[in-house]
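Here's a quick briefing on overall build and charge pairing. Have a look at the model first, then read on.

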Amino acid sequence: MSQPGSRLIVDHVSVQYAGSSATALHDVSLAIAPESLVVALGPSGCGKTTLLNLVAGFITPTSGQITLDGKPVTGPGAERGVVFQDDALLPWLNVIDNVAFGLQLQGVGKREREARARQVLQQVDLHGYEQQKVWELSGGMRQRVGLARALAADPQVLLMDEPFGALDAFIREQMQELLLRIWRQSGKRVFLITHDIEEAVFLATDLVLMSPRPGRIVERLSLDFGRRHAAGEPARSVKSDPEFIAMREHVLAKVFAHRNATIAGAA
Amino acid sequence: MNSAELTLDEHEFPAAEHDAPAPRAARKGTLSISVLTLAAVLFIWWAVTTSGLIAPLFLPPPQAVLAKLWLTSTKGYMDATLWQHLGASALRIVLALAAAVLFAVPVGIAIGLSRRARGVLDPLIEFYRPIPPLAYLPLIVIWFGIGELSKVLLIYLAIFAPIAIATATGVRGVDNARVRAALSLGASRWQLIRHVILPSALPDILTGVRIGLGTGWSTLVAAELIAAQRGLGFMVQSAAQFLVTDIVVLGIIVIAVIAFALELGLRTLQRKLVPWQGHTH
């Protein structure tokens with residue numbers, strides 16, 4: 001449970017990879033408040049993956065710091081669940097054991113963790129697939145297992161690394177709606193990175209636009225399309241709303257403006 | 001030589017399973033060609049020996065070898081039946097294999113995970129690995145005598161290196177995303193090794209066991225030169241000294257059949273334990 005006012009804060013963080021002259025991230029600050037769904041959008045090389053890896057604790061910043069509810073993040077931990085682009089499931093475990101894996105690591109008993117895993121599988125519409133082998137599932141289903149695995153460990157924040165990037169357009173839309181439903185039901189804050197503009201505008205409560213060389217945040221927007229869908233408005237109705245279309249075009253224009261500026265700067 | 005063989009097998013197997021009907025028929029075709037080849041060899045063997053073209057001292061006819069199979073299984077040769085010789089050899093290789101797996105897998109994991117362990121262990125393994133077992137056999141006899149220990153130790157050393165090297169390769173090849181996933185679920189270092197690294201490296205470990213068993217089995221004959229009382233290698237060796245060629249041929253065939261059976265068994269085990277191979281990217 002995250003108390004009101006508790007936050008995940010990225011405070012003036014920079015990252016310089018060893019052996020690289022370019023700065024991967026330059027002076028990035030970001031707050032992920034409870035109940036928010038923060039989306040980082042940008043082209044490849046803008047540092048969004050670096051930012052997610054920092055928050056997950058997979059890498060450490062060159063300068064600046066990251067805190068979760070006041071405590072500095074020093075490495076990976078169960079309070080920050082991660083959903084990976086290529087599911088990263090364990091093929092020797094079946095669906096339910098994959099979902100219960102985090103609980104198993106915490107030493108939760110078999111009966112209890114399976115009950116919890118069953119419950120989460122129901123949440124992601126995978127009821128009845130408990131005993132399936134994960135390598136027999138489709139890409140979309142595997143991604144749902146990955147989401148269920150992260151949720152089962154009951155993290156305080158859900159980090160999603162281009163989770164729908166490898167899926168086809170139909171499945172991707174389904175997954176976006178599923179994510180919004182779970183986000184609303186569980187009340188978990190989410191930090192998601194993507195390069196899909198429509199996805200970013202649809203999902204985000206807070207959208208941060210990033211740009212490369214050096215990787216930095218160039219624009220922040222507060223949006224409510226995701227909330228509208230979570231409150232019951234159909235996805236198609238939200239996405240065909242002129243306001244949505246205008247915002248999507250606005251973001252698109254920004255992305256191109258920054259890209260051209262970067263190219264001009266480099267030339 | 002081992003790595004080339006390894007990659008070939010790895011790719012041949014899952015592929016043959018995946019593509020549906022055509023390769024299955026092709027496989028059946030290959031099998032019938034193999035059976036025909038064996039039958040042809042057997043026929044030529046029978047023809048040249050029975051016609052008297054080759055003296056039985058150099059190559060006994062197949063029916064004589066078959067008769068010896070019956071004789072050695074019932075009455076025995078050199079105070080032991082064929083099955084007792086076989087049992088003695090099998091026990092040595094099982095002991096050596098068990099010890100090798102017990103020690104080589106942790107060593108391989110250490111090499112794969114830690115730069116320091118790699119620095120210490122890698123040169124040691126690479127130093128002794130290419131030496132033919134017969135070359136260091138005298139040293140082992142000087143150190144450990146002519147008892148059972150020396151024989152098992154020699155086979156153990158032959159099996160150890162391939163398993164350790166294959167394990168290290170498997171550990172280094174573990175998908176980084178899986179490791180990160182486990183870490184972000186709160187895995188400790190030991191949990192990571194137990195639940196992610198070891199199962200991820202299992203296909204490579206099994207390949208190492210396959211290669212190790214191959215070299216181990218061929219070292220067996222060398223090991224049983226050390227004053228053995230029983231064993232297939234011993235049987236062949238002592239029969240050769242008395243020019244009992246049919247026992248020599250029989251021993252060679254039994255050794256070959258066992259090696260082939262071990263290989264097939266391990267391939268089946270590999271498919272059973274690692275059914276996802278070829279399914280995941």
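How much area does chain A expose, and what share of it do carbon and sulfur atoms supply? Chain A exposes about 11500 Å², and carbon and sulfur supply 51% of that (Shrake-Rupley areas with a 1.4 Å probe; for residues, only the protein chains shown count as cover).

Keep in mind that this is a predicted model, where local features need pLDDT of at least 70, side-chain atom pairs count only at pLDDT 80 or more, and totals for chains, interfaces and linings use all residues. Residues are numbered from 1 along each chain as its sequence is written, chains are lettered from A and ligands numbered from 1 in the order written, and side-chain values use heavy atoms, with hydrogens and water left out.

**Overall build of chain A**
- Chain A has ten helices and ten strands (DSSP runs: H or I of at least four residues, E of at least two, numbered from the N terminus).
- Its radius of gyration is 19 Å, close to the 18 Å from the globule rule for 267 residues, so chain A is as compact as a globular protein of that length; the radius is taken over C-alpha atoms, and the rule is 2.2 Å times the number of residues to the power 0.38.
- The C-alpha trace of chain A spans about 60 × 45 × 40 Å along its principal axes.
- Buried residues make up 53% of the 267 in chain A (buried is under 20% relative accessible area, exposed over 50%, partly exposed in between; 1.4 Å probe, protein chains only).

**Salt bridges**
- Over all chains, the search of the whole structure turns up 24 salt bridges (a side-chain nitrogen of Lys or Arg within 4 Å of a carboxyl oxygen of Asp or Glu).
- Arg228(A) pairs with Asp241(A), with the closest N and O atoms 2.6 Å apart. Arg228(A) sits in helix α8 and Asp241(A) in the loop between α9 and α10, 13 residues apart.
- Arg228(A) counts as buried at 19% relative accessibility, and Asp241(A) counts as buried at 17%.
- In chain B, Arg92(B) and Glu148(B) form a salt bridge at 2.5 Å between the closest N and O atoms. Arg92(B) is in helix α4 and Glu148(B) in helix α7, so the pair ties together parts 56 residues apart in sequence.
- Arg92(B) is buried at 4% relative accessibility, while Glu148(B) is partly exposed at 40%.

**A charged network**
- Salt bridges link Glu173(A), Glu198(A), Arg236(A), Lys239(A), Arg248(A) and Glu249(A) in a network.
- Glu249(A) and Arg248(A) meet at 3.4 Å, N to O.
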